[in-house]
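Hi everyone, thanks for coming. I'd like to walk you through one model today, starting with charged side chains and then turning to pockets and the surface. Have a look at it first.

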Amino acid sequence: MSIETFVVDYRDAAQATALVDLLDAYASDPAGGGTPLDADVRKSLPAALAARPQAFSVLAYDGGQPVGLVNCIEGFSTFACKPLVNVHDVVVLPSHRGQRVAQKMFAQVEQEARRRGACKLTLEVLSGNAPALRAYEREGFMGYQLDPAFGSAVFLQKKL
């Protein structure tokens, strides 16, 4: 296995197709919600990401085959007065899980985050996704808390 990773050029048709296909595979998986991407999302996503300078993605290829994807969105830490990078999606095809593909993609993500001057990486993960949790912990991610008396951070959402 010879895994290569690189930052996606959203305007490159082959890379855009790989991004959408990998994200659709993740969305279709129970860990991603079990529902394929809407046709409009498939069609519009690469251009929508390209229009956002705070977005970047990393693809992993094994030979000529796309096998992994990480989508990232830059945010801002007011406490550090620096950018931060939220790892929004992590996809590794079932055929390549357990082969450290995520590790290679995270190295590329960290390199890009440092290039952007980011102070940290953040991500959210479902508590029942033990393999992903182990992979993230190996990469140095840990629960977030400021004062133990206030407990750990909890990720919440409100759909609009």
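Let me start with Arg-115, which counts as exposed because its relative accessible area is 61%. Please keep in mind throughout that this is a predicted model.

So which residue does Arg-115 pair with in a salt bridge? The partner is Glu-112, and the closest N and O atoms of the two are 2.7 Å apart. Both residues sit in helix H3, 3 residues apart, about one turn of the helix. Is Glu-112 buried or exposed? Glu-112 has a relative accessibility of 10%, so it counts as buried. The cut-off behind that is under 20% for buried and over 50% for exposed. So this bridge joins a buried Glu-112 to an exposed Arg-115.

Helix H3 gives us another pair. The side chains of Glu-110 and Arg-114 meet in a salt bridge, at 2.8 Å from N to O. These two are separated by about one helical turn, because they are 4 residues apart in helix H3. Glu-110 has a relative accessible area of 33%, so it is partly exposed. Arg-114, at 60%, is exposed.

Now for a contact that reaches across the chain. Glu-74 and Arg-116 meet through their side chains in a salt bridge of 3.0 Å, N to O. That pair links distant parts of the chain: Glu-74 belongs to strand E3, Arg-116 to the loop between H3 and E5, and they are 42 residues apart. Glu-74 counts as partly exposed because its relative accessibility is 26%.

How do these pieces fit together? Glu-74, Glu-112, Arg-115 and Arg-116 are linked in a network of salt bridges. The structure holds 7 salt bridges, and the general idea is familiar: side chains of opposite charge can pair when their charged atoms come close.

On to the empty space. How much of it lies in the largest pocket? About 1200 Å³. There are 41 lining residues, and the closest to the centre of the pocket are Tyr-26, Val-90, Asn-129, Ala-132 and Tyr-136. Helices H1 (13-28), H2 (39-50), H3 (101-115) and H4 (130-138), together with strand E4 (82-92), each supply at least two residues of that lining. By type, the lining of the largest pocket divides into 24 nonpolar, 8 polar and 9 charged residues.

The second largest pocket holds about 900 Å³ of space. Of its 23 lining residues, Thr-122, Leu-123, Met-142, Gly-143 and Tyr-144 are the closest to its centre. Two or more residues of this lining come from each of E4, H3, strand E5 (121-123) and H4. The lining of the second largest pocket has 13 nonpolar, 5 polar and 5 charged residues.

Tyr-144 takes us out to the surface as well. Which residues form a nonpolar patch there with Tyr-144? They are Phe-79 and Leu-146, and the patch has about 420 Å² of accessible area together. Phe-79 is found in the loop between strand E3 (65-77) and E4. Phe-79 counts as exposed because its relative accessibility is 76%.

If you take one picture away, let it be helix H3: Glu-112 and Arg-115 both lie in it, and it gives residues to the lining of the largest pocket and of the second largest pocket. Thanks, and I'm happy to take questions.

How values were computed: Residues numbered from 1 in each chain as written. Predicted model: local features only at pLDDT ≥ 70, side-chain atom pairs only at ≥ 80, totals over all residues. Heavy atoms only, no water. 1 Å grid on protein atoms, 1.4 Å probe; cavity = no way out; pocket = protein on both sides within 12 Å on 5 of 7 lines; lining within 4 Å. Points joined across faces, edges and corners; volume = space filled by probe spheres on them. Nonpolar A, V, L, I, M, F, W, Y, C, P; charged D, E, K, R; others polar. Patch = residues over 30% accessible without salt bridge, like charges linked within 9 Å, V, L, I, M, F, W, Y side chains within 5 Å. Areas by Shrake-Rupley, 256 points an atom, 1.4 Å probe, with all protein chains shown as cover. Salt bridge = Lys/Arg side-chain N within 4 Å of Asp/Glu carboxyl O. Buried < 20%, exposed > 50% of the residue type's maximum accessible area, 1.4 Å probe, protein only.
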